[in-house]
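Thank you for making time for this. I would like to walk through one structure slowly, and I will try to say plainly what each part of the picture shows.

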Amino acid sequence: MKKLAAFVVLAVLAVGAGYWFATRIPASPFDSVGSATAPLPVERGEYAARLADCVACHSTEGGKAFTGGLAMGTPLGTIFSTNITPDRETGIGGYTLAQFDNAVRRGVAPDGRRLYPAMPHPSYAKMSDDDVRALYDYFLHHVPAVRQENRPTTIAWPLNMRWPLAFWNLAFADAGSYRPAPAHDEIWNRGAYLVQGPGHCGSCHTPRGLALQEVALDERDPRFLSGALLDGWYAPSLRNDHNTGLGRWSEEDVATFLKDGRNQHGVVFGSMMEAFNNSTQFMTDGDLAAIARYLKSLPGDAARDGAPWSYQAAAAPAPAGPMASGARIYAARCGFCHGSDGRGRNEWISPLAGASSVLALENASVINITLNGSGRVVAAGVPDAYRMPALRDQLSDGEIADVLTFIRGSWGNRAASVTAEEVRTLRELTNAASSDPIVLQMR
Amino acid sequence: MELTINGQTHQVDIEPDTPLLWVLRDELGMTGTKYGCGLAQCGACTVLVHGQATRSCVTPVETVAGAKIMTIEAIETDPVGQKVVEAWVAQQVPQCGYCQSGQVMAATALLKQSARPTDEEIAGAMVNLCRCGTYNAIAAAVREAAQA
């Protein structure tokens, strides 16, 4: 009897402690700071918001900036990003700096509710106090307040309870802002801060584990930024992989890509087009150079990457089979822009010979862009002159498979062939009118 | 930037990413090359660059500086081009005519690469669009030019 009583007491204590832990408000360095601070210049916070690309998720196409409402799919149901304008009732106008900090860096709302990690707080955790203060200032003092109710998630009870996320955070989120690595110089450390912290590059480029956590949050793990599949696109490796990563890019190439959206290796497309339009092009040259320095310090993995690519002129294709049919389709549909030699047109039109997205093991990106084309790249306010058109209504699944098999197997490219089945699957998933379209995934 | 078009050199001072089509039409006044879709889909803007059919609407002018460009204005100075034009007249191919300069350029490029194309090759290469539906006449003219 005594044992049972002791067990009950211990169990109650454990549940109580767990409940306390899972709903507690964490400490913030801003706990003692009032919210009535004098506004900073708009540029300071606006820049921090560009670095963190808040607008990407907290807006919908055609909606007002920062009012939220973007649907994101999770295995449990759909969640919606929230209104982060300073409206006091539907937005974050009532937040103190400490409450804002807890939401951004620790994923905890003012009422103790845990945020879904669709909010990349495991990355934002590394942001500096200064950047968080600047963000708060921007959202509270410079963004117009818009009254727009948040949409409830479609996740049903009991899976919609938020407290278990506290244990997810315990397992997968590092605490504490970025600490400079003394072995590296200031530029590298600034780059590491931007990539791991506000830039949250890993949200798309780092593979995710079973609990949807990014498997690595910094360069100590070779899987960090090693490439990942999401939303029907493959975000390629940002490590020094010769074929499928940034191995053949110089630091200058990386910085140019993020500043102009294009360089001689490729043009932004898919989800990166959005990251470019909303975020990277607004970064200073110094910050882009720092990102390039950091990324170029991440070693590639030759075992994963395969034999190094080098250009080879296309051999005469076999008289029959997918390569021959692909070559014909290429000449009629693709070669006009990408060139019969596959080398594109300077930085204006992407080469297909040696392009990392073409050589990647995952073929989602090449199928997706062939079906659906590329979005509008807007650099310095000017829309791009050359855009990949959607070919979904012009080419069949088999034709797309053949032409991609040809592209992935020509000019020195040695990537696996593409099947009509794979094209059919992605055609269905990227058709908004189908019964099963891709909903934007957590990022 | 220096462009070699129909054997003549032209100096143009223009943004490097301007499409070749606009340089031809707006800067140099060579309006035989037509604007159709602007997306490399219809072929109305086809010109030859080093003898290859090229959609000038999606060709950044910077990338053809120094290349040998031929437009519809000079197609009859080319022996293959001349045969194509004669066959086009003999078959009375054009109806409204808007796509036809592009069709002639595409046919010339095809016959330069393959002097005796099969019907399959013709169908595969002549993908330019024609709203009047002159496709049968186009194919017949290409076959006639190949025989000539």
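Please keep in mind throughout that this is a predicted model. Let me begin with a single side chain, A:Phe139, which, once its neighbours within four places in sequence are set aside, is in contact with A:Ala49, A:Cys54, A:Phe66, A:Ile84, A:Pro86, A:Ile92 and A:Phe100.

That residue leads us into the largest nonpolar core, which has 54 residues, and A:Phe139 is among the members that touch the most others, along with A:Cys54, A:Phe100, A:Leu135, A:Ile291, A:Tyr294 and A:Leu295. Several helices of chain A each supply at least two residues of this core, including H2 (42-52), H4 (97-106), H8 (186-196) and H12 (285-295), while the largest share, seven residues, comes from H6(A). Where does this core lie with respect to domain 1 and domain 2 of chain A? It lies between them, because domain 1 (12-30 + 42-172) and domain 2 (186-305) both give residues to it. Apart from this core there is another one, of 26 residues, and among its members are A:Trp309, A:Ala364, A:Val403 and A:Leu426.

Let me now step back to the domains. Chain A is divided into domain 1 (12-30 + 42-172), domain 2 (186-305) and domain 3 (322-429). If we look at the second and third of these, the C-alpha centres of domain 2 and domain 3 of chain A lie 22 Å apart, and 23 residues of domain 2 are in contact with 25 residues of domain 3. Between them these two domains of chain A bury about 2,000 Å², and carbon and sulfur atoms give 60% of that area. On the side of domain 2, A:Tyr234, A:Arg262 and A:Phe269 supply 29% of the area buried against domain 3 of chain A, which is more than any other three residues supply. What kinds of polar pairing cross this boundary between domain 2 and domain 3 of chain A? There are ten residue pairs in polar contact, whereas the rule finds zero salt bridges across the interface of these two domains of chain A.

The next boundary is the one between the two chains. Here the contact takes 20 residues from chain B and 16 residues from chain A, and together the chains bury about 1,500 Å², with 58% of it on carbon and sulfur atoms. Within the area that chain B buries against chain A, B:Asp17, B:Gln41 and B:Val58 supply 30%, more than any other three residues. Across the interface of chain B and chain A the rule again finds zero salt bridges, although it does find five residue pairs in polar contact. Strand S4 (52-55) and helix H4 (119-125) of chain B each supply at least two residues of the side that touches chain A, and S4(B) gives the most, with four residues.

Salt bridges do occur elsewhere, and by this rule the count comes to 22 over all chains. One of them joins A:Arg44 and A:Asp131, with the closest N and O atoms 3.0 Å apart, and this pair links helix H2 of chain A to helix H6 of chain A, the two residues being 87 residues apart. A:Asp131 counts as buried because its relative accessibility is 6%, under the 20% limit, while A:Arg44, at 33%, counts as partly exposed. A second pair is A:Glu251 with A:Arg293, where the closest N and O atoms are 3.2 Å apart; A:Glu251 lies in helix H10 of chain A and A:Arg293 in helix H12 of chain A, so the pair ties together parts that are 42 residues apart in sequence.

I will finish with some backbone details. Most residues other than glycine have a negative phi, and most peptide bonds are trans. A:Asp53, however, has a positive phi of about 50°, and A:Asp53 is found in the loop between H2 and helix H3 (54-57) of chain A. A:His200 likewise has a positive phi, near 35°, and A:His200 is in the loop between H8 and helix H9 (202-205) of chain A. Are these two residues buried or exposed? A:Asp53 counts as buried at 10% relative accessibility, and A:His200 counts as buried at 14%. Finally, a cis peptide bond, with omega about 5°, joins A:Trp157 and A:Pro158, and A:Pro158 has its place in the loop between H6 and helix H7 (164-172) of chain A.

Methods:
Residues numbered from 1 in each chain as written. Chains lettered and ligands numbered in written order. Predicted model: local features only at pLDDT ≥ 70, side-chain atom pairs only at ≥ 80, totals over all residues. Heavy atoms only, no water. Core = buried A, V, L, I, M, F, W, Y, C linked by side-chain atoms within 4.5 Å. Buried < 20%, exposed > 50% of the residue type's maximum accessible area, 1.4 Å probe, protein only. Domains from an automatic or database assignment. Contact = heavy atoms within 4.5 Å. Buried area = accessible area lost by both parts, 1.4 Å probe. Salt bridge = Lys/Arg side-chain N within 4 Å of Asp/Glu carboxyl O. Polar contact = N/O pair within 3.5 Å; in protein donor to acceptor, adjacent residues only side chain to side chain.
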